[in-house]
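Got your viewer open? Let's take a short walk through this model, one selection at a time.

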Amino acid sequence: MVPLSYYLVLSAILFACGVTGFLIKRNIITIFMSIELMLNGVNLSFVAFAAQWHALSGQVFVFFVMVVAAAEAAVGLAIIIAIYRARETLNVDQLNLLKL
Amino acid sequence: MPIWLFIVVSVIKSAILLFVLLTSVAYTVWLERKVVGHMQNRWGPTRVGPFGLLQPAADGIKFLFKEDLTPPHVYKPLYIAAPMIAVIFALTSIAVIPFGNSVVIHGYTIPLQVTDVNVGLLLILGVTSIGVYGVALAGWSSNNKYSLLGGLRASAQMVSYEISLGLSLVGVLIMSGSFSLRHIVEAQQGHFWGFIPRWNIFHGQIVGFFCYLIAAYAETNRIPFDLPEAETELVAGYHTEYSAMKFAMFFMAEYANMITVACVATLLFLGGWNGPIFGPYPLQVILPVIYFVAKVFVFLFIYIWVRGTLPRFRYDQLMAFGWKFLLPVAICNLIATAVAVAW
Amino acid sequence: MSIHLIMFLFFGVVAVAGAINLLAQSHPINSALSLIAVMAALAGEFLLLGAEFVAAIQVIVYAGAIMVLFVFVIMLLNAGAEERTKGSRVAIVLGIPGMLISSVLVAWAVLHSYGNQQVFPSVLEGAPAKIANLLFHEFLLPFEVTSILILIAIMGAVVLASKPHAVQKRKEH
Amino acid sequence: MTPNLNLWLIPVLPLAGAAINGFFGKKSSRTAVTTIALVFCGAAFAWASVAAARFWPGDVPYQEFLAHWIRSGTFSADFAFYLDRLSLIMMLVVTGVGFLIHIYSVGYMWDDPSYYRFFCYLNLFMFFMLTLVLANNYLVMFIGWEGVGLASYLLIGFWFTKDSAAAAGKKAFIVNRIGDFGFLIGLFLLIQHFGTLNFGQVFDSVTKLPPGASTETLLTTIGILLMVGACGKSAQIPLYVWLPDAMEGPTPVSALIHAATMVTAGVYMVSRSHLIFERAPIALTVVAIIGTITAFFAATIGIAQTDIKKVLAYSTVSQLGYMFMACGVGAFSAGIFHLMTHAFFKGLLFLGAGSVIHAVGGEQDMRKMGGLRSYIPWTTLTMGIATLAIAGIPPFAGFWSKDEILYKAYQANWIYWAIGVFTAFLTSFYMFRLLFMTFAGDYRGTKVDEHGHASHTHGHAEHGHGEPHESPWVMLGPLVVLAFLSTVGGFVGLGNRFDHFLGPVFGSEFGARIAEGSSANELLLMAVSVLFALAGAVIAYILYVSKPYLPGNIAESLGGFYRAVFNKYYVDELYAKVFVNPLVKGSTRILWQGLDRKVIDNTVNDAAYGAREVSDEVRHMQSGNLRSYAGWIAAGAAVLIAYMVWQGVGR
């Protein structure tokens, strides 16, 4: 049997990796992937807690997270395409004007 | 069953299955060449062995011994990984497919299936959806515009048709109430009025069946949906830059996927191994397997038949068909099934 | 060491390695593949926790659909390797320590409050039927709301990704 | 039980008319506006009549629940209506007289550019007045109470481009607020002690209160506070000052609001609360004293006024004083009787005055009138009837009601009676003075056509002819109807019938008290008051018809006293000095320059300045660089997590 805290710590590590990715990566697509990584880390916590407290709601929440992630990916990637069309770069350091 | 015995049995089952699968992949290729040949008023392979039966072996040897060429401008790690991804995931999904009833040997019940997981169908869907990376990455890592276009087409096409594929299966799932393939098959036992088998295809899922068929053809990049490798436009699509064994891996992956799809269709819509069972004990075990193989064969034949008959779609037609026709039909089928079952 | 712990460690190591590789790689397609590895490993963790259905959906939706979209966009935009540009000092000076502090604090708090509580996954079976029951009864409203969210996202994506002159043309019709 | 009367229709019909005219009137033709206003007002009158007929005989009060309004703890107030014989009379008077005045207004206001607005306001007033009258609890009554105040403000300031009209509107509104303040506090006390504002429940609780000093103190306090409210609305001393100024409004408004209906709301409210007052003798005495003083005081001012409407305004204040006197001596039914007859004859007087003003083209100064009887015979006739009625000459309506009040007052205390009779003499005098100055003698006004522009900005400019002229029949019709009512309206009180009619409302004890008075005594008193009234008429005839030089001489010989009366005892000036100026100065110094400028403005300015300074520095954070934002977020999250962990450990 594995202690719950191991799962939570693993989840925290993945989340922290996601945050780090957000902070250090320049490519906007990679940054977006870091966000997905954070969401995955959170999902692990949900499932672990669901197992811990025998409540399926935790797993149901994972579905909602996935739906939101899917919607986010659709819109976000469309935005990235639009930005690339306008600026021809994916480097966030060069995307610092609040307009296209 | 002690754990060591379980492992041994599993290994044996895997080995047999893998052997059978690879062989059937090889002979599906042979069958295709033969059938298409006859359809086109040719003979197909005849030289190697009787009826060209040894042609697959000859092909295999040729692939093995050809020079494995790696073009200089490719992105190497992915260029090498791509065909492996394709073939590995194509072969993996066969693991959860049951092909017959259980065998009882020395009091141990051994199901004719490598492993029975509760969410077997989902596993197949997941594994095939991962399989798209093989094609996409091959196209991208080749660093060639034809390959890239092929990869792009493949990924867009597979993401689009995966939705219709999944939705067309949900009707069956609603009727059987389980993700386990074994349960789904067992739910299809029996007859209507004593002679029509109670298969899902005769049980209201005819629309779902055809949706699945069309979406599956698109998923396996077969004609009329073979846009990713359309040789008249893209040279050879995503595997333009591949040769020798790497090319053979894509080839194997494609045919293994066809077999998987045929197996799933058989299990879900054609009643799996169900059929008239009679005779002594060994026959009772062997007959279902024979029925199963026969149904899969029919499927493969239809695959080849379609290939010999239909022309290729244009890309915009493909997308329009998938999103504007197939998806609504699949959703309607799902709703109709749900209403019927709830009633 | 139980088999569970070994499996946990295996998948955990794969996940963390994938996550770190995501950071280390400069080419987005490698990062994407690492992320797929992370997701697959997490699916394994879900299986360990008895959430079979979630694991399958994780593979199908995340690895099979969302990440395909990412790879597709990377291929479409032909994104090259990352440039090392001088960006923000704040991100390094404030962000990294902030991230470190918060993760250490969270890890400490988790260990402090949950200690050695064990998880018994076999008790809870993430059977699809049960989850569906929950989803369509207790969480019906959120479910419907997410369907609207998805619809809006589709429309937004179509509008955003259409080429401007294509949109113009459509307006003229 | 009475059938469902659908009382809610009665107030809602004028509201609908107001809404339609208010929203669409601007684009509609005058005919359409007229139709809407008259139809809805007439429908209200018709429905009120129907309801009255179906309610008859109505000894059991009828209640109609409409909707929940406030539900808070044990307190509740509903939109509900209440009909008994008292509100029945009020309802009929309001809708009937209101309808007549609506008709009259068609002629009077026809040339006004804001014709639709006038009728919108007028209908709105009808709605609020009927709500007030038909309310079944004090809170709904208060809605109507405030609403008629609003309508009155809008109508007094109807010609808002004229400074004096706008100022008069404001004055009316503000003075009324003082009264409403008292009324509100009275209501709060009611809620505090009885937990309800429903008439039935309040009066039940009041009658069940044990006798004793504390009960009496409470009820006296409530009664006096309610009286303060009534003082404001009904223009009693010391809050009467707004009513004369309210004459700036169009004359039909003066007739409807400031003579016939709204100003009597105070009397109605006091009568409605009679159970409270009956158990609070001190409050009742206060009511009587205020009424008596007001009656006398206003009458003296009325003698010296030269503006025809001002005379009528002070006369109204004086007559209202009579009503309060009646209430104060416990003769509520007599007060209501006078209220009703007063509505007839004072409405008639105002409408007649309007007709006169109309005839002479906007002139209001009686010194510039005279001899109008030959020009406007119908107006002269009807005004004459009204004057006879108000002066208390039998058999006109005013005689019966005023006599009833004086008789009751005599029974209570002969001082009330004495002042009342003297006031009746003054009333008769100034009313006949008005009549003679206006209609008798020779025309003193200029016959040139400058009158249109002279004093009024309203629509008489088009009447560019010099001869005074009779009003159109749409104006004379209501005059005739009201003249008829003023003539015969008093007979309903013959033989105490009116008293008996209101018996179920005000209790039977009053009927008993009436019976014990000897009829000989009553006849004697009647004769005395009639004599005084005739004396007033005769003196007015001598002074203003046969010897017109005398008034000037008398005024000169009286000197200072005359000036004081002429200037309304300088009450307005006194108020301005004592209340208004200190308030304005205090507001200017403390509230405007001190609080508003120094405290509020400076705070706001400093906050803005500070925000600018801070954001000047902080805006560097907003570099547009995504990763730096992420850095800030991560740092902030670290702080939050640290805080939460610390909190969690602290527990």
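Start by selecting chain C on its own, keeping in mind that this is a predicted model. Among the contacts in chain C with a separation of 6 or more, 58% are between residues 24 or more positions apart. Switch to a cartoon view and you will find seven helices and zero strands in chain C, so to speak an α-α-α-α-α-α-α pattern when read along the sequence. Color by burial next: 40% of the 173 residues of chain C count as buried.

Now bring chain A back and look at where the two chains meet. Here 60 residues of chain A are in contact with 74 residues of chain C. On the chain A side, α1 (4–24), α2 (28–53) and α3 (57–87) each supply at least two residues. Which helix gives the largest share of that side? Select α3(A), which contributes 21 residues. Coloring the chain A side by class shows 45 nonpolar, eleven polar and four charged residues.

For the last stop, zoom in on α2(A) and helix α2 (residues 28–48) of chain C. Their axes come within 10 Å and cross at roughly 5°. An angle under 35 degrees counts as roughly parallel, and α2(A) and α2(C) are therefore roughly parallel to each other. Show the side chains here: the residues of α2(A) include A:Met33, A:Leu37 and A:Leu44, while those they meet in α2(C) include C:Leu35, C:Met39 and C:Leu42. By class, this helix-to-helix contact has twelve nonpolar, three polar and two charged residues; among the charged ones to pick out are A:Glu36 and C:Glu45.

Methods
Residues numbered from 1 in each chain as written. Chains lettered and ligands numbered in written order. Predicted model: local features only at pLDDT ≥ 70, side-chain atom pairs only at ≥ 80, totals over all residues. Contact = placed C-beta atoms within 7 Å. Helix = DSSP H or I, 4+ residues; strand = E, 2+ residues; numbered from the N terminus. Buried ≥ 20, exposed ≤ 12 C-beta atoms within 10 Å, placed from the backbone. Axes fitted to C-alpha atoms, helices over the stretch in contact; angles between N-to-C directions. Parallel < 35°, antiparallel > 145°, perpendicular 65-115°, else oblique.
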